[in-house]
Amino acid sequence: MALFYYKTKGCYSLKSKQPENCRKCLRLAEFLDAVKIQYPGYHARPVTAFGDANPKLLIIGLAPGMHGANRTGRPFTGDFAGILLYQTLHKFGFASHDVSTSVNDSLHLTDCRITNAVKCLPPNNKPEPKEIRQCNVYLTSEIVDFMSGKGVALLALGTIAHQAILMALKLKIKAFPFHHGMVHTLPNGLILYDSYHCSRYNTQTKRLTTEMFEEIFKKISADISAQ
C-alpha cells in the first residue's frame, strides 16, 4: 500500500495511518473486549472519522458513546448526542439528512468531517489524560490532512476536545482558553470555535440550547463563505 506524507509546521501526517485496530491503551482495549462480549453486535473498536474527505469544517467531539458511535461505528450516530448535531448540520447545509441512525442510512456530509479526540469508548465516558495524549497522534494526523486541503474551521465540542486540538497543534492551553461561543484565530490560520458538547446532560439542562448551538454555526458558515 502506498504511503503519503504531508509536512505542515513540523508535523507529519500519514494518510494511510488509521486507528481501526489500535490497542495501545490497555485499559480501553480491555474495556472494549468486555463490551463486545456483552454486546456482540456492537462495533466496539476504535471509531474513525466520518464525512467529506476534503472538508472546510472539522468537528471534534470527546469520544464514542456506549450505545451511539461505539455501537454503530460512526461518530455521533445512533444516540442522543447526535440529535442536535445532525439537525444543525442539515440546517446549515453540511448534512444530507437531519438524522443519523446507522452507517447504512445514506447520510453524507458536504464540506464537513466529524471525529473525536479519543477514538475508543472510555469507561464512564471519561478518558484518562494519558489516553488523550496517546490518541492525539491520530487527531494530529487528521488536522494536518485538514490543513493540507480546504480546511478553514475547527469546532471543538467541549473542553477536552478543545485542549486536544491545541495539543495536536503544539499550542499553549493558556493562550487559547475554552469558553462557549469563543472564536480563536490560530497561528496556522485556522479558526477554532468553541461550543459546549451536545450531550444529553447539556441539552436537557439548557446549558446548551438549540439557539446557542446554531449561533456557532452561523459564525462558522459566514467565515467559510468569506474565504
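Which residue follows α5 with a positive phi? Hold on to that one, everyone; the reply comes when we reach that helix.

Hello, and thanks for coming. What we have here is a predicted model, in which local features need pLDDT of at least 70, side-chain atom pairs count only at pLDDT 80 or more, and totals for chains, interfaces and linings use all residues. Residues are numbered from 1 along each chain as its sequence is written, and side-chain values use heavy atoms, with hydrogens and water left out.

A word on names: helices (H or I, at least four residues) and strands (E, at least two) are DSSP runs, numbered from the N terminus.

Let's begin with the sheet. It is open, it has 6 strands in the order β3-β5-β4-β6-β8-β7, and its pairing is mixed. Two strands pair if DSSP finds at least two bridges between them. At the edges stand β3 (50-51) and β7 (183-185), each with a single partner strand, so one side of each has no neighbour in the sheet. For anyone new to this, strands of a sheet pair through backbone hydrogen bonds, either parallel or antiparallel.

Now let's walk along the order. β3 and β5 pair in the antiparallel sense, over 2 bridges, and Gly51 has Arg113 in β5 as its bridge partner. Next, β5 (residues 112-116) pairs with β4 (residues 57-61) in the parallel sense over 5 bridges. Here Leu58 stands opposite Arg113, and Ile59 stands opposite Ile114. β5 is mostly covered, with 4 of its 5 residues buried. By buried I mean under 20% relative accessible area, while exposed is over 50% and partly exposed lies in between (1.4 Å probe, protein chains only).

Moving on, β4 and β6 run parallel and are joined by 4 bridges. Ile59 appears again, this time opposite Leu155 in β6. Then β6 and β8 pair in the parallel sense over 5 bridges, where Ala156 has Asp194 in β8 as its bridge partner.

How many of the residues of β6 are buried? The count is 5 of the 5, so β6 is largely enclosed by the rest of the structure. In a regular strand the side chains alternate between the two faces of the sheet. In β6, Ala153, Leu155 and Leu157 are buried on one side, and Leu154 and Ala156 are buried on the other.

On to the helices, and first the pair α4 and α5. Their axes come within 9 Å and cross at roughly 70°. Axes are lines fitted to C-alpha atoms, for helices over the stretch in contact, and angles run from 0 to 180 degrees between N-to-C directions. That crossing makes α4 roughly perpendicular to α5; angles under 35 degrees count as roughly parallel, over 145 as roughly antiparallel, 65 to 115 as roughly perpendicular and the rest as oblique. α4 passes α5 in a right-handed crossing. A crossing is right-handed if the near helix is turned clockwise from the far one by less than a right angle, and left-handed if anticlockwise.

Who meets whom? In α4, Ile132, Arg133, Asn136, Leu139, Thr140 and Ile143 meet Ile160, Ala164, Ile165, Met167 and Ala168 in α5, where contact means heavy atoms within 4.5 Å. By class, these residues divide into 8 nonpolar, 2 polar and 1 charged. Ala, Val, Leu, Ile, Met, Phe, Trp, Tyr, Cys and Pro count as nonpolar, Asp, Glu, Lys and Arg as charged, and the others, Gly among them, as polar.

The buried residues of α5 are Ala161, His162, Ala164, Ile165, Leu166 and Ala168. And here is the reply to my opening question: α5 is followed by Lys170, with a positive phi near 60°.

The last pair is α3 (residues 81-91) and α7 (residues 210-226), which pack at about 45° with their axes 10 Å apart. That angle makes α3 oblique to α7. The crossing of α3 past α7 is right-handed. In α3, Leu84, Leu85, Thr88, Leu89 and Lys91 meet Thr210, Phe213, Glu214 and Phe217 in α7. This contact has 5 nonpolar, 2 polar and 2 charged residues.

One more residue before we finish: Ser221, found in α7. Is Ser221 buried or exposed? Its relative accessibility is 18%, so Ser221 counts as buried. Leaving aside residues up to four places away in sequence, Ser221 touches Phe92 and Phe94.

Thanks for listening!
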